[in-house]
Each structure stands twice: as structure tokens, then as C-alpha cells.
Amino acid sequence: MTVNLHHEQRGDPAMPPVLLLGSLGSNLHMWDPQIHALSAHAHVIAVDHRGHGGSPAPAGPYTMTDLSGDVLALLDRLGLHSVHVVGLSLGGAIGQWLAAHHPQRVRTLTLICTAAQFAPPQKWIDRAATVRTNGIASIAESVVEHWFTPELAQRDPDLIARHLEMVRGTPDEGYAACCDALAEWDGRGDLARIVAPTLVIAAEQDTRTPPSVHEAIADGIAGAELHVLSPGAHLANVEQAGAVTRLIERHIERRASVPLDAARRAAHDVGMSVRRSVLGDAHVDRAIESTTPFTEPFQDFITRTAWGDVWAREGLDHHTRRLLTLAILTAVGNEHELDMHIRAALRAGVDPQMLVEVFLHAAVYAGVPNSNRAFALGKQALADLADATDGSSRQ
Ligand SMILES: O=C(O)CC1=CCC(=O)O1
């Protein structure tokens with residue numbers, strides 16, 4: 001069950017969307033050093049995780065899947081199919097989860113002061129128990145101590161006081177339940193699944209997630225770029241505000257332009273696998289073999305858009321889309337495409353009785369003559385399929 005995350009949006013919604021996911025014990029104001037600058041050329045969405053800031057804090061334990069599911073639900077509510085994800089610490093773990101499990105929703109990934117596993121799990125189990133027993137205030141000072149270098153803490157006591165308030169304002173159960181999520185999560189095996197262009201930012205004096213942890217992340221994600229900033233501790237986006245903002249901007253800008261080509265290739269790859277699973281390998285192989293320089297732009301277009309974009313969307317499963325396609329093709333009377341989709345459906349094991357229902361339904365809304373033709377095509381396709389099956393069983 002997802003919760004409605006409290007969030008703030010800045011910048012023009014027509015600009016590229018940048019999602020900011022923060023650390024354990026923070027709220028969306030931890031991103032104040034970035035929000036203003038980024039929103040000059042991006043649509044910035046800063047989020048409070050469940051159990052943090054203004055978001056609901058249901059009883060735990062939470063999992064990384066829960067925390068990431070909340071973010072996906074928020075993106076759905078905002079109508080954002082894909083975003084540039086920037087995550088620090090716990091937010092970086094959620095970013096990794098999203099990029100590995102929902103690659104189409106992550107345009108680029110920026111991971112700051114985070115880890116692919118927050119070892120050892122016992123540390124988080126103990127911290128959750130302490131907070132549940134003694135309250136968040138009992139650990140607030142030790143948390144903030146690791147967020148900034150001692151030099152900055154000495155120079156700017158107001159900064160420390162503001163961040164102490166931030167930690168103390170986190171609900172006990174929300175904080176503890178996020179510790180549970182950190183204890184159970186291990187994303188190391190998923191790093192190789194991440195295809196989003198990835199920037200990894202570490203801070204030299206970060207004792208919670210030191211640079212070596214970021215080297216392992218950068219090694220695990222193909223093509224990831226690593227920067228180590230100094231001075232800086234766990235909240236490097238505050239202590240190195242300008243450098244972090246510039247790195248994020250440059251990463252998003254570079255990846256937004258390079259990769260029109262890469263993005264087209266990625267959409268083509270996704271489209272090809274959806275197309276194969278719906279129409280079958282034999283059909284797709286025939287279509288590829290018969291492609292000529294004249295037809296290639298059209299093949300590329302339908303693979304990227306019809307299959308790589310619309311058919312690949314999560315809102316409807318493939319079976320439902322298949323039935324819709326059969327009904328629409330019946331209604332518009334496109335015999336050639338209808339015949340192809342009828343045969344693909346039967347080859348994929350769709351029960352012929354479902355086709356009967358679709359064609360009958362279409363008769364009500366689109367007219368008897370079109371459904372009559374659909375029944376004839378279906379009958380022929382069934383006969384051909386039976387012949388082919390008999391033929392192969394006789395061989
Ligand atoms: O609170 C800490 O010690 C460090 C940390 C781990 C996950 C997170 O968000 O912060």
C-alpha cells in the first residue's frame with residue numbers, strides 16, 4: 001500500500017523533471033542549496049519519504065520496495081513517466097532500486113553519499129530499536145555530527161542547529177521503520193541492471209558512506225562516472241552546494257543532449273523485446289528480413305513508438321492491450337493488421353473464445369459487417385493453425 005508523499009515542486013513543468021530524494025532523518029529542505037539553482041532550468045520535485053517531513057508515517061517496518069513504490073505512485077499522480085533522479089544516502093538507495101526495477105522511469109541517475117548496501121544490517125536493527133525506545137532526539141546529535149565536517153560545524157553553528165531540528169522533527173516510527181528498510185536491503189546484485197547514465201558523488205570525509213563504497217557502485221554500473229569532493233561529509237550537497245549543483249546540472253544537460261541517439265536505441269531495444277513477446281519471434285524475424293532501406297525508417301519508428309513507448313507502458317497489461325487492438329482493428333476494418341493480430345494472439349495461446357467475445361462486442365459498437373469479416377479471418381486463422389499443428393505432429 002503506497003502513501004501520498006508530501007513534496008514541493010519548483011520551476012517550469014515544461015522543463016526536464018528532476019526528482020530529489022534525501023537522506024534518512026531529513027526532510028525536503030535538505031535540498032534547499034540545490035532547489036533554487038536547479039529550478040532555473042528544470043522542473044524540480046523534492047520529496048519527503050514516508051515517515052519523514054510532511055509525509056504520512058504508517059507503522060513499520062518499511063522496505064526499499066515500499067519507499068520506492070511511494071515515489072512511483074507520486075510520479076504517476078504528477079503524470080511524469082520518467083525523471084532525472086537525484087538521491088542522497090537513503091534517497092540514493094531508492095534511486096538505485098528505481099533504476100534497476102523501472103529503467104524506463106529513470107532518465108539519468110545521480111547518486112550522492114550513498115551505498116548499494118548499508119552494512120552491517122545489525123547496526124540499523126539496533127538504531128531502529130534505540131529510536132523506538134528512546135526517541136529520535138536521543139540520536140539526533142550523533143546523526144548530524146556525521147553530516148558535516150568538524151570545521152564547517154565550528155564555522156556555522158546555525159547550520160548545525162537547523163539540521164538538528166530537521167532530525168528531531170522526524171517521527172520516531174518513520175525513522176525507525178526506514179532503518180528497517182536499510183537493514184533488509186541489498187542492492188549490490190542489481191547494480192549491473194542499471195542502464196540510466198549514472199553520476200556518483202562521494203565526499204572525502206564521509207564516514208557513513210566513504211569514497212570506497214562509491215567506487216564499488218561506480219564499478220558496478222556500466223559507464224558510471226565518479227567524483228570525490230573535499231571537504232565534505234555525509235550531506236555533501238550542503239557543504240559542497242555549488243559543486244554538487246553544477247555536477248548535477250552538467251550530468252543532466254550532457255545526457256539530455258548526447259543521448260538522443262542512445263535514447264532512441266534504448267527505446268528500440270525495449271520495443272523490439274515487447275514486439276517479439278506479443279507477435280512472436282517468427283513474425284518479427286520475417287519483418288526484419290524483409291526490411292529494405294525504403295521501409296527501415298518505418299520499422300524503426302513503429303518499434304520505438306508503438307512497441308517501445310505505448311505497448312511498453314505499465315498502465316495496461318499486454319493481454320488487455322491485445323484485446324483492445326483486436327477490437328479497434330475490427331472497428332476500423334483494417335483487415336491486414338487484424339489478420340496479423342488474430343494469428344499472433346492464437347499463436348500466443350489466447351483462447352479463441354476470447355476472440356469470439358471481442359468480435360461480438362465490436363459488432364454492437366462498430367457494426368455487424370466489420371465483425372463478420374473479423375469472424376471470417378479468425379476462422380481461417382484457426383484452420384491454418386490446426387493444419388500447421390497437424391503437419392508438424394505428422395512429421
Ligand atoms: O544516518 C546515517 O548514519 C547515515 C545514513 C544512512 C542512510 C541515510 O540516509 O543516512
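1. Let me start with the second largest pocket, which holds about 460 Å³ of space. Its lining counts 18 residues, and those closest to the centre are Arg275, His283, His336, Glu337 and Met340. Please keep in mind as you look around that this is a predicted model.

2. Which helix gives the largest share of the lining of this second largest pocket? That is H16, with seven residues. At least two lining residues each come from helix H12 (260-279), helix H13 (281-289), helix H14 (296-310) and helix H16 (335-347).

3. The chemistry of the lining of the second largest pocket is mixed: eight residues are nonpolar, six are charged and four are polar.

4. Moving to the surface, you will find a nonpolar patch made of Leu316, Leu324, Ile328 and Val332. Together these four residues have about 350 Å² of accessible area. One of them, Leu324, sits in helix H15, which covers residues 318-332. Leu324 counts as partly exposed because its relative accessibility is 42%, and the partly exposed class runs between the 20% and 50% limits.

5. Is Ile252 buried or exposed? Ile252 is buried, because its relative accessibility is 10% and the cut-off for buried is under 20%. This residue belongs to helix H11, residues 241-257.

6. One last pair for you to look up in the model: Val18 and Ile252. They are separated by 234 residues in sequence, while their C-alpha atoms lie 8.9 Å apart in space.

Technical notes: Residues are numbered from 1 along each chain as its sequence is written. This is a predicted model: local features need pLDDT of at least 70, side-chain atom pairs count only at pLDDT 80 or more; totals for chains, interfaces and linings use all residues. Side-chain values use heavy atoms; hydrogens and water are left out. On a 1 Å grid over the protein atoms alone, a cavity is a set of points where a 1.4 Å probe fits but cannot get out, and a pocket is an open set with protein on both sides within 12 Å along at least five of seven lines; lining residues have an atom within 4 Å of a point. Grid points are joined across faces, edges and corners, and a volume is the space filled by probe spheres set on the points. Helices (H or I, at least four residues) and strands (E, at least two) are DSSP runs, numbered from the N terminus. Ala, Val, Leu, Ile, Met, Phe, Trp, Tyr, Cys and Pro count as nonpolar, Asp, Glu, Lys and Arg as charged, and the others, Gly among them, as polar. Patches are made of residues with over 30% relative accessible area and no salt bridge: like charges are joined within 9 Å, nonpolar side chains (Val, Leu, Ile, Met, Phe, Trp, Tyr) within 5 Å. Accessible areas come from the Shrake-Rupley method with a 1.4 Å probe; for residues, only the protein chains shown count as cover. A salt bridge is a side-chain nitrogen of Lys or Arg within 4 Å of a carboxyl oxygen of Asp or Glu. Buried means under 20% relative accessible area, exposed over 50%, partly exposed in between (1.4 Å probe, protein chains only).
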